Amino acid sequence: MVTMFFTVSVVNNYALNLNIAMPLHMIFRSGSLIANMILGIIILKKRYSIFKYTSIALVSVGIFICTFMSAKQVTSESSSSENDGFQAFAWWLLGIGALTFALLMSARMGIFQETLYKQFGKHSKEALFYNHALPLPGFIFLASDIYDHAVLFNKSELYQVPGIGVTVPIMWFYLLMNVITQYVCIRGVFILTTECASLTVTLVVTLRKFVSLIFSILYFRNPFTLWHWLGTLFVFLGTLMYTEVWNNLGTSKGQPQKEDKKN
């Protein structure tokens with residue numbers, strides 16, 4: 001699992017160097033739900049109801065629509081270069097292959113993590129620590145790239161941290177905030193993996209990406225088009241279908257005694 005985690009992290013980031021734009025990167029990662037379901041069917045021999053299949057399709061299509069429309073807004077602001085020869089196209093194909101590999105590897109990692117918990121017990125803190133501590137020596141091979149970015153961070157504009165009064169380059173402050181929020185997010189995901197199936201965890205993480213996208217649109221005041229509303233509707237309906245919330249409400253109202261016995 002540690003090897004998978006390190007590989008997925010590095011490949012996802014390195015794909016950006018292979019003529020892959022960030023919007024396309026986001027669109028590919030929005031397909032994690034479908035990848036997780038497909039691998040679950042192949043590896044774990046799982047079968048789902050028609051509502052599950054439909055809900056995953058709706059959520060994936062909804063996020064794809066919102067991400068793609070946001071991608072069009074971003075790419076329309078940047079001018080594309082004319083240097084699109086065979087070499088550039090070959091690198092782009094390699095980047096697509098890297099994203100596909102990372103997508104399937106990430107889904108496989110989630111399924112493997114689910115089977116590990118079933119076999120050896122649910123230890124989210126232990127898994128969180130080893131998943132992030134053991135890959136650290138692997139970053140020695142990326143030392144030059146890390147050093148180059150550290151130099152760029154030092155050259156960023158100075159920023160005075162509120163409440164402390166310390167002045168630091170703003171990129172280091174952004175990195176610190178990213179580490180803190182990432183820790184809260186990742187710890188929550190690892191706890192969730194001990195309580196839910198891999199597909200459910202993937203659904204929650206995908207919805208988190210969707211909320212981040214909507215927040216980005218509102219915060220940066222990007223236009224929220226009819227396509228964005230359509231994607232939001234798909235995600236909302238898909239989530240309700242997956243959780244089968246109406247069935248649970250009907251059961252809790254009609255059979256309160258049986259629910260108590262089960263719990």
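This passage walks through the overall make-up of a predicted protein model and then looks at a few of its helices.

The protein contains twelve helices and two strands. Read from the N terminus, the elements follow the order α-α-α-α-α-α-α-β-β-α-α-α-α-α. Of the 263 residues in the protein, 31% are buried. Contacts that link distant parts of the sequence are well represented: among contacts between residues at least 6 apart in sequence, 74% join residues at least 24 apart. One pair of residues gives a feel for how the chain returns to itself. Ile 63 belongs to helix H4, which covers residues 50-77. With a relative accessibility of 3%, Ile 63 counts as buried, because the cut-off for that label is under 20%. Ile 63 and His 228 are 165 residues apart along the chain, and yet their C-alpha atoms are separated by 8.9 Å.

Helix H3, residues 32-43, offers a simple check on helix geometry. At 1.5 Å a residue, its twelve residues should span 16 Å, and the C-alpha atoms at its ends are indeed 16 Å apart, so expectation and model agree. Several residues of H3 are buried, namely Ser 32, Leu 33, Ala 35, Asn 36, Met 37, Leu 39 and Gly 40. It helps to recall here that an α-helix has 3.6 residues a turn, so residues three or four places apart point the same way. Just after H3, Lys 45 adopts a positive phi of about 55°.

Helix packing comes next. Two packed helices are described by the angle between their axes and the distance between the axes. For H3 and H9, the axes come within 9 Å and cross at roughly 175°. Angles over 145 degrees count as roughly antiparallel, and H3 is therefore roughly antiparallel to H9. On the H3 side, the contact is made by Ser 32, Leu 33, Asn 36 and Met 37, while H9 contributes Ser 198, Leu 199, Thr 202, Leu 203, Thr 206 and Lys 209. By type, the residues of this contact are four nonpolar, five polar and one charged.

H9, residues 198-219, also packs with H8, residues 170-193: their axes come within 10 Å and cross at roughly 155°. H8 and H9 are therefore roughly antiparallel to each other, and their crossing is right-handed. Here Cys 185, Val 189, Leu 192 and Thr 193 of H8 meet Val 201, Val 204, Val 205 and Arg 208 of H9. The residues of the contact between H8 and H9 comprise six nonpolar, one polar and one charged.

How values were computed: Residues numbered from 1 in each chain as written. Predicted model: local features only at pLDDT ≥ 70, side-chain atom pairs only at ≥ 80, totals over all residues. Heavy atoms only, no water. Axes fitted to C-alpha atoms, helices over the stretch in contact; angles between N-to-C directions. Helix = DSSP H or I, 4+ residues; strand = E, 2+ residues; numbered from the N terminus. Parallel < 35°, antiparallel > 145°, perpendicular 65-115°, else oblique. Left-handed = near helix turned anticlockwise from the far one by under 90°. Contact = heavy atoms within 4.5 Å. Nonpolar A, V, L, I, M, F, W, Y, C, P; charged D, E, K, R; others polar. Expected span 1.5 Å × (residues − 1). Buried < 20%, exposed > 50% of the residue type's maximum accessible area, 1.4 Å probe, protein only.
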